[in-house]
Amino acid sequence: IKSTTTTKKQLDNYGESLKFVNRLMTAKFGAESRRVPAHMPHFLDTVVIEEMMELWSKEFDSTASHPIRSPRDMQYAFAYYYFYMNRRINYDFDEIFDTRLDTNGDGEIDLNELRTLIMMLHGGVMEQKDYLIFRENTF
């Protein structure tokens with residue numbers, strides 16, 4: 001493929017736009033090593049997209065306003081990926097306790113509810129032997 005000035009400029013604009021989004025991420029979440037996500041399909045959460053687009057609405061509007069890549073474009077997958085990983089979610093522990101843990105409504109966590117909590121924290125089913133060890137050391 002023959003290289004042209006336009007192609008080189010577009011590639012430079014892409015690299016510059018990644019740097020631009022990285023600076024936005026650093027300003028919001030702090031410095032870290034960020035890599036470009038693979039060029040592949042991505043599952044997107046519309047709530048997260050709305051949060052991200054609200055935070056950087058001017059930048060997204062600017063990106064949408066011109067047909068050719070610019071150094072100050074928002075790189076969508078890059079921005080989404082790091083926004084998703086770094087955003088803070090405010091949890092209401094009382095609501096989680098009432099709706100997901102205290103299934104019998106007695107205001108306390110019994111052994112069955114403790115097992116549910118452990119599974120939530122563990123990320124899935126826990127081996128019976130591990131649960132028994134935890135229970136013995138807790139009670």
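Of the 139 residues of the protein, 24% count as buried in this predicted model. The accessible surface comes to about 10600 Å², and carbon and sulfur atoms contribute 54% of that area.

The secondary structure consists of seven helices and zero strands, so that the order of elements from the N terminus reads α-α-α-α-α-α-α. The radius of gyration is 23 Å, well over the 14 Å that the globule rule gives for 139 residues, and the protein is therefore more spread out than a compact globule. Along the principal axes, the C-alpha atoms fill a box of roughly 70 × 30 × 25 Å. Among the contacts with a separation of 6 or more, 63% are made by residues 24 or more positions apart.

Helix α6 was examined in further detail. This helix covers residues 111-122, twelve residues in total. From its first C-alpha to its last, α6 reaches 16 Å, close to the 16 Å expected at 1.5 Å a residue. The buried residues of α6 are E113, L114 and I118. These residues lie on the same side of α6, because they cover an arc of only 145° around the axis. A general property of helices is relevant here: an α-helix has 3.6 residues a turn, so residues three or four places apart point the same way. The cover over the buried residues of α6 includes two other helices, α5 (93-101) and α7 (128-138).

Both ends of α6 were also considered. At the N-terminal end, D110 acts as a cap; a side-chain oxygen of D110 lies 3.1 Å from the backbone nitrogen of N112. Beyond the other end, α6 is followed by G123, and the phi of G123 is positive, near 90°.

A buried position outside the helices was examined next. Residue Q75 is placed in the loop between α3 (57-64) and α4 (76-86). The relative accessibility of Q75 is 13%, and a residue is called buried when this value is under 20%. Q75 therefore counts as buried. When residues up to four places away in sequence are left out, Q75 touches Y14, S17, L18, V21 and R69.

Taken together, the model describes a protein of seven helices that is more spread out than a compact globule. Within it, the buried residues E113, L114 and I118 of α6 have α5 and α7 among their cover, while the loop residue Q75 is likewise buried.

Key: Residues numbered from 1 in each chain as written. Predicted model: local features only at pLDDT ≥ 70, side-chain atom pairs only at ≥ 80, totals over all residues. Heavy atoms only, no water. Helix = DSSP H or I, 4+ residues; strand = E, 2+ residues; numbered from the N terminus. Expected span 1.5 Å × (residues − 1). Buried < 20%, exposed > 50% of the residue type's maximum accessible area, 1.4 Å probe, protein only. Arc of directions from axis to C-beta. Contact = heavy atoms within 4.5 Å. Polar contact = N/O pair within 3.5 Å; in protein donor to acceptor, adjacent residues only side chain to side chain. Rg over C-alpha atoms; globule rule 2.2 N^0.38 Å. Areas by Shrake-Rupley, 256 points an atom, 1.4 Å probe, with all protein chains shown as cover.
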